[in-house]
Amino acid sequence: MQKIKSLLAALSLCSPLLAQAADPQSCDTVRLSNVGWTDIAVTTASTAAVLEALGYKTTTTLLAVSVTFKSMQDNKIDVFLGNWMPSGVDVIKPYLADGSVAKVRDNLLGAKYTLAVPDYVYDAGVHDFADIAKHKKEFRGEIYGIQPGGGGNKLIQGLIDGNKFDLGSFKMVQSSEAGMLSQVDRATKRGDWIVFLGWEPHPMNTHYKMKYLTGGDDSFGPNYGGATVETIERKGFSASCPNVGKFLTNLEFTLPMENELMDKVLTDKKTPEAAAREWIKANPAILDKWLADVNTRDGKPGLDAAKAVLAK
């Protein structure tokens with residue numbers, strides 16, 4: 001009987017270790033996509049920093065949104081943290097339909113995403129999508145978007161192709177986030193008119209005096225394109241890498257956090273990686289939520305280990 005009790009005691013001591021079994025070797029490297037938007041660059045960098053502190057390796061590849069989902073379908077990308085909804089619904093729809101990608105969770109609430117103008121343009125009478133075409137000359141017949149393939153660009157092009165709000169003769173100027181904002185910066189310094197794709201979180205909301213336009217509910221959604229940002233994974237990723245999957249389930253960002261991180265990149269000229277590590281070091285309490293019931297790569301409790309690494 002004593003031997004049985006001893007054996008049961010030994011097994012009970014081992015059971016926590018068994019519960020903390022490490023992810024399989026196939027999970028050693030987590031492959032992330034960054035679509036080039038500053039908000040997604042900093043959230044992706046924050047995620048990579050924590051994963052690396054847990055002992056995982058990460059790779060981050062710069063890809064357009066449409067290419068991201070195709071790469072996930074082809075098992076070349078594991079995780080994407082930047083699916084803005086509802087503007088991205090058409091881009092992701094076929095991949096959700098065939099089961100090649102899946103939503104993990106909403107990682108940001110309260111975002112907005114729609115057309116915007118400088119405050120002096122708003123004060124001159126451009127309050128709504130319906131007001132844009134009335135001032136075609138001042139806008140030079142142009143609406144500024146971001147890089148090709150983005151959901152916002154598709155929505156703008158849909159307005160033009162459908163001649164909605166009499167915008168059929170307008171041209172969408174595709175560039176990049178940085179390229180578009182350089183145009184906004186140039187225009188606001190000169191007092192020129194410009195209508196562009198705006199969103200929050202983003203330091204543009206504090207760096208420029210800007211206003212969002214009403215009228216875009218049917219295309220961008222209500223509440224000025226009120227949006228959520230989703231974490232997306234390739235088919236079966238969390239099932240095959242449950243420890244990383246638990247981390248992704250916990251992972252949530254806030255508007256103030258992202259605005260601060262993005263400002264470090266856009267204003268202070270830090271890399272997303274440096275900004276992320278600096279912010280986490282200054283705000284270690286965020287890890288309490290992110291790493292609840294998450295282990296290191298080799299199966300040990302993750303919270304204290306990650307805090308020790310990220311405090312350096």
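Biologist: Which residues does serine 71 touch, leaving out those up to four places away in sequence?
Modeller: Serine 71 touches Leu63, Lys76 and Ile77. Bear in mind that this is a predicted model.

Biologist: Where does serine 71 lie?
Modeller: In helix 3, which spans residues 65-73.

Biologist: Buried or exposed?
Modeller: Serine 71 counts as buried, because its relative accessibility is 12% and the cut-off for buried is under 20%.

Biologist: How far is serine 71 from aspartate 131?
Modeller: Their C-alpha atoms are separated by 40 Å, and the two residues are 60 apart along the chain.

Biologist: Different topic, helix 2. At what angle does helix 2 pack with helix 16?
Modeller: About 110°, with the axes 8 Å apart. Helix 2 covers residues 38-53 and helix 16 covers residues 302-310. The two are therefore roughly perpendicular to each other.

Biologist: What is the handedness of that crossing, left or right?
Modeller: Helix 2 passes helix 16 in a right-handed crossing.

Biologist: Which residues meet there?
Modeller: From helix 2, Ala49, Val50 and Ala53; from helix 16, Ala305, Ala306, Val309 and Leu310. By class, this contact has seven nonpolar residues, with no polar and no charged ones.

Biologist: And helix 13, how does helix 2 cross that?
Modeller: The axes of helix 2 and helix 13, residues 255-266, come within 9 Å and cross at roughly 100°. That makes helix 2 roughly perpendicular to helix 13 as well.

Biologist: Which residues make the contact between those two?
Modeller: Helix 2 gives Thr38, Asp39, Val42, Thr43 and Ser46, while helix 13 gives Met257, Glu258, Leu261, Met262, Val265 and Leu266.

Biologist: How does that contact of helix 2 with helix 13 split by class?
Modeller: Into six nonpolar, three polar and two charged residues.

Biologist: Now the strands. How many residues of strand 9 are buried?
Modeller: Seven of its eight residues, so to speak of strand 9, residues 227-234, as mostly covered is fair.

Biologist: How many bridges join strand 3 to strand 9?
Modeller: Five, and the two strands run antiparallel. Strand 3 is residues 79-85.

Biologist: What is the bridge partner of valine 79 in strand 9?
Modeller: Glutamate 233.

Biologist: And strand 4, how many bridges join that to strand 9?
Modeller: Seven bridges join strand 4, residues 101-118, to strand 9, again with an antiparallel run.

Biologist: Which residue of strand 9 does aspartate 106 stand opposite?
Modeller: Aspartate 106 stands opposite glutamate 230.

Notes. Residues are numbered from 1 along each chain as its sequence is written. This is a predicted model: local features need pLDDT of at least 70, side-chain atom pairs count only at pLDDT 80 or more; totals for chains, interfaces and linings use all residues. Side-chain values use heavy atoms; hydrogens and water are left out. Axes are lines fitted to C-alpha atoms, for helices over the stretch in contact, and angles run from 0 to 180 degrees between N-to-C directions. Helices (H or I, at least four residues) and strands (E, at least two) are DSSP runs, numbered from the N terminus. Angles under 35 degrees count as roughly parallel, over 145 as roughly antiparallel, 65 to 115 as roughly perpendicular and the rest as oblique. A crossing is left-handed if the near helix is turned anticlockwise from the far one by less than a right angle, and right-handed if clockwise. Contact means heavy atoms within 4.5 Å. Ala, Val, Leu, Ile, Met, Phe, Trp, Tyr, Cys and Pro count as nonpolar, Asp, Glu, Lys and Arg as charged, and the others, Gly among them, as polar. Buried means under 20% relative accessible area, exposed over 50%, partly exposed in between (1.4 Å probe, protein chains only). Two strands pair if DSSP finds at least two bridges between them.
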